[in-house]
Protein chains: 2
Amino acid sequence: MSNNEEILQFKEFSSFVNISFWHELAQMKLDVFKLSDKEVPINAYYSYSQAAQLDPYLCLEYNAFQPSSLDIKDLSLDKEQRPLLFKAPPKSLISNGILYNFNTKEDFKNTSKAKKLFEDLTKTIYADILSGAAEEDPSKLCQFLLMTFADIKNHNFYYMFGIPALSFSTPITTVGACQPLGSFFNENQLQSFKSGVQSLISSTSGVFVVKKSTSDQSTVELGKLNEWNKFYPNVADDAEVPIVAFCDPCNLPSNPGWPLRNLLYLLAVRHKVSKLNVICLRDQKGSLVDNSIVLTVHLPTETSTAGVADPNIIPKSVGWEKDANGKILPKSVSLASTMDPLKLAEQSVDLNLKLMRWRILPSLDLELIKSTKCLLLGAGTLGCNVARCLMGWGVRTITLVDSGKVSYSNPVRQTLFNFQDCVGAKGKDKATAASESLKSIFPAVDASGVVLSIPMPGHTVAEHLVDQTKATYEQLRQLVADHDVIFLLTDSRESRWLPTILGRQLNKIVINTALGFDTFLVSRHGQNVAHANENSSGDAKTTGSDLGCYFCNDIIAPTDTLKDRTLDQQCTVTRPGLSYMASGMAVELMVSLLHHPIQGRAPAETSTDIHSGSSTPLSILPHQLRGFLSHFNTLPLFGHAFKNCTACSQPLLDQLNSRGFDFVLEVLNDSSCLIKYAGISEQLATEGVSIDWDEDLLESSSDDE
Amino acid sequence: MSNNEEILQFKEFSSFVNISFWHELAQMKLDVFKLSDKEVPINAYYSYSQAAQLDPYLCLEYNAFQPSSLDIKDLSLDKEQRPLLFKAPPKSLISNGILYNFNTKEDFKNTSKAKKLFEDLTKTIYADILSGAAEEDPSKLCQFLLMTFADIKNHNFYYMFGIPALSFSTPITTVGACQPLGSFFNENQLQSFKSGVQSLISSTSGVFVVKKSTSDQSTVELGKLNEWNKFYPNVADDAEVPIVAFCDPCNLPSNPGWPLRNLLYLLAVRHKVSKLNVICLRDQKGSLVDNSIVLTVHLPTETSTAGVADPNIIPKSVGWEKDANGKILPKSVSLASTMDPLKLAEQSVDLNLKLMRWRILPSLDLELIKSTKCLLLGAGTLGCNVARCLMGWGVRTITLVDSGKVSYSNPVRQTLFNFQDCVGAKGKDKATAASESLKSIFPAVDASGVVLSIPMPGHTVAEHLVDQTKATYEQLRQLVADHDVIFLLTDSRESRWLPTILGRQLNKIVINTALGFDTFLVSRHGQNVAHANENSSGDAKTTGSDLGCYFCNDIIAPTDTLKDRTLDQQCTVTRPGLSYMASGMAVELMVSLLHHPIQGRAPAETSTDIHSGSSTPLSILPHQLRGFLSHFNTLPLFGHAFKNCTACSQPLLDQLNSRGFDFVLEVLNDSSCLIKYAGISEQLATEGVSIDWDEDLLESSSDDE
């Protein structure tokens, strides 16, 4: 090093990661990477028009995962299906990177793993230099490594950037002071340089070979890096100091930015350059050229004794991003505080659900569940737990129907209410309070409460109330029509009649749940097997099976059982744990059912069917589940639709289809007409043949509201 | 009726029912009557010192159900066990009544039933008059009937009073104006009357026969009603108008109160009285006598042609209480608005539980459940549901331990939290938020939250944290000691180790619950069968059975499994319905277990045991319940305690007993010492013999917090 030489210092990149990148990373982790920690190509960019006083930044944004170029496979896609190409902002250059997103914090913190990855990238760059690949595409000289651990549960992201720069064995030095480009070129040369450089940037990745014309003093020749040998065939003879230009992210008065390092290394090992003029292109104050500087540098000789670089001796490299104290330490960012809490809640809930898909259940269709609209008839012990559990599964549309008020005994068993809902002259409407509570738990849910008393067979309608009852009927019918799954969760048998027949008429999935003292029933009503004729094979696996409803085992029409009940019959006399068990099963049955190809028409399975192909990935699809707390067990039962059922049989549907509310009104005023319409003979009805043991369950129980 | 005669009008009673009576009725209904609507003797009172402008009131208070006299059976009780006797307030008389508390509003409103009961009481009074019983005890003349329907669920009470007065066939008339007692008696007679009457009231039920002395004009003779014939042997000869005195609840200037009616009827039919002086004793302005009035009345003849009353011809009677408009209609009172809402909530919750006892489960020990103190380790998906379900069963002491904060993904699955608990820099402490939530649901619960991180084997304790860890250990040990049932509901296996061994050491009921993706485990840890030697038979039904703990199937010591978990292992990846099912079962298992004579030492039962005598009235008592959502079923499993268990075996208890925290600290720093202390040979441990299929469950699951 002669006296007027100084060691050249390069200004490192600082990483600048936009919040949008972390959101995108979280999404990718959830939807694409899942448990993979394989390398993922990403794209950053850096500006060569950095404002004064700002560090050179390597920037990552939401679009980091978009490819920087399409390969042939992608081009075969329809134009609309092709991924968007990554585009750097104006006056910026792309830097290609590799993302390693680790599954655990421990993996992330594993320093030997980090070293290995950094070395690997160094090797890649070195190989690209030796092979000439980097000369063809100089962006290969500025690659980076990003190691991350995305704690998406808590919205914390840990990361480390590495931008390897191959190190010369001895330092690079500058020869003389750095000078403005305006003093390195004369006026004509400057104009010539200016007019050429701008149009070449994108095709050269911002690296140019520059040569002052030997024929005149007023033009400058510009070329791509792979044209070096054409520009400077005889570097070694020192006849002329070669010139190279690069787009410089740094704006310090006499120091270049990081991308120059590997470029210099390339020139040293590929072209044996030892002395060089470097134009640091800095687009300042509206001009790409006027504020650029020129450095004259001495490069050490990086070749083996044989005069060529040894591809097996990997040069040392530096370039881990350091913190403010100069230490190489992971950075972290917490997005929780910067995010809209409502968005945070939504993302967090989605996350928990998506986690199920990663390892355990890739076929889980969360969008299907999310978009399923659920109508809950009854907002009591069952309704509250069912609603909560649906929300846990990500269901977003939940409508609760109830005509009752929250009373003091409710909150300890009805999990959407609290003490304040009861205080006052009368408690709040259950339907309203329940839907408000759902929103207070998860604001993104579309919950609504409808205060409505379901018209019931045998509950006579006084003349002056007929219009009002008709309006109620129509409102209920519309609610059933507007939802996909109807849950029957009321506290009486007869309140289930109208929703049962409406669910059948409108071909909805109907899940029925009822509680006894220490027994419960969870069942799914059959849907009309309307498509049976379409399939000549008549195979139940494709056409479905027509299963019974809640009333199919009875030959007694539902009637007013509420009028003369003692206190223990009015109230919910049921072991408190029962509602939790029944509600959980009811919701899980629904979720499983949604995953069956023919959903509500799916044949009834028992536990022997779990390994057959008809089953959903989630579980068997029983028709009825009868739970017995005395034995802590559950029996799957099964029954076909009864052709004379007083709720779901064809003759009744015919009546409803043709007469609408008039038929319903007749039933409300005199439920015995159901027996007539259903075609049950008088004799059969009075003899009361074969009352199923279901009756035991129903007899001893007031169900639950 | 001669010209100076007027029809005598009697002032009816108004009922005055203190709120305390309704509370008492509600309690009696819940605890004693249950579904019975049989007649119940009750006691009211009326004052003969009624303030001016006030109606005569028949009053019922909290003590109405106390007997007015003890029968011989009661007297055989220890003095302390004898029921308190009903006592009327000063200047009041007892009126005996019959309460009919109906089960349904329809029964209550049944007018023909009401008429029948009123007639029955009329018959009784008539029979008492004819038989002379009413003469012996004149309180029999003033009996009443109270029909009620107690809608204790809504704190509404409906009631009707009937106070039957036998009606003469023609009206009673007065002869001349009513006069003050001071003008009826001379001064001496007044003094004589005054001095005698006070002391006699209680023994005469306020009814006296009075006679002016025939020997002098200055004394008055007083007698009981059964002395009539002694006083007036020859009423019929009209030589003298007899005098009767009664304590009069009325204070109208010239009308007597209701009790006089049946007294007059008695005198007419038993003694053929047709003309009579009636002293209406009114204790006013500090004097029993000075403000009393005297009426002279003509009584119709109420005898058959044979001159005696026909016991088979029941006289007509009147006396249903009327409303302000003079109509006989039920009254109602709603206590909800007058009650302290906190009390209302408490009563309502108690009510719902007591209803279970009425018809279905008389042996349910609600006090036992209520007084059971529950410690919940973990306030997450399981902890929240278990706490809610315990509260539903009436458990009043619930302590939740957790070291976590509420995060955005929690509320949709962890049922004690809502969105607001997550907002802010960090969410609320789960333990605190959960206990606050419990109180907001039911203010009477004694809920508390302890923010504490359970020390775990293999989670090394740094030197400077030893004191703090010791304090944590001691706090946890005290918590276990202070509670009766310990629920293990945390999200890792190793966090269950310390509570497991502490629960064993302190001989607590330990209920362990863990979730997999679609499987769950609910089990009860064995308690030391310390009393096995006391019973020489060694019968498991009385000595109990030593069941395994969560770790008994493992021969691997719990160690740090948290450090290197991927996101799906950290989070709760579990089907949402599972927690509801497992929590419900865990609580129901506890409630059943509490009802077994030897509770935690109860042998493990399977479903074949339900009909054997050892079972509780609630259910079988399995050791472990393994639930499989894929089949919607639950298997009861069973295993004895493992003598080399790394958590509950005797060698480890010996270490804990002798070394306390030092032993625990050793385990925290190096969990492998557990294998050494437990006496598992190296070979056994490394060969990994017969790992139970439990491992499958545990392997695939991060449990749940």
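Two residues are in contact if their C-beta atoms, placed from the backbone, lie within 7 Å. By that rule, 77 residues of chain B touch 77 residues of chain A. This is a predicted model, in which local features need pLDDT of at least 70, side-chain atom pairs count only at pLDDT 80 or more, and totals for chains, interfaces and linings use all residues. Residues are numbered from 1 along each chain as its sequence is written, while chains are lettered from A and ligands numbered from 1 in the order in which they are written.

Look at the side of chain B that touches chain A. Its largest share, eleven residues, comes from α10(B). The side divides into 41 nonpolar, 25 polar and eleven charged residues. Here Ala, Val, Leu, Ile, Met, Phe, Trp, Tyr, Cys and Pro count as nonpolar, Asp, Glu, Lys and Arg as charged, and the others, Gly among them, as polar. In chain A, 100% of the interface residues of chain B are also interface residues, so the copies meet through the same surface.

Now the symmetry. A turn of 179° and a shift of 0.1 Å along the axis lay chain B on chain A with an RMSD of 0.3 Å. That is the relation of a two-fold axis. The superposition is by least squares on the C-alpha atoms of residues with pLDDT of at least 70 in both copies. In chain B, the C-alpha nearest the axis belongs to Met581(B), 2.1 Å from it.

Finally, a helix pair within chain B. Helices are DSSP runs (H or I, at least four residues), numbered from the N terminus. Leu476(B), Arg477(B) and Val480(B) in α14(B) meet Leu498(B), Pro499(B), Leu502(B) and Gly503(B) in α15(B). By class, this contact has five nonpolar, one polar and one charged residues.

Technical notes. Helices (H or I, at least four residues) and strands (E, at least two) are DSSP runs, numbered from the N terminus.
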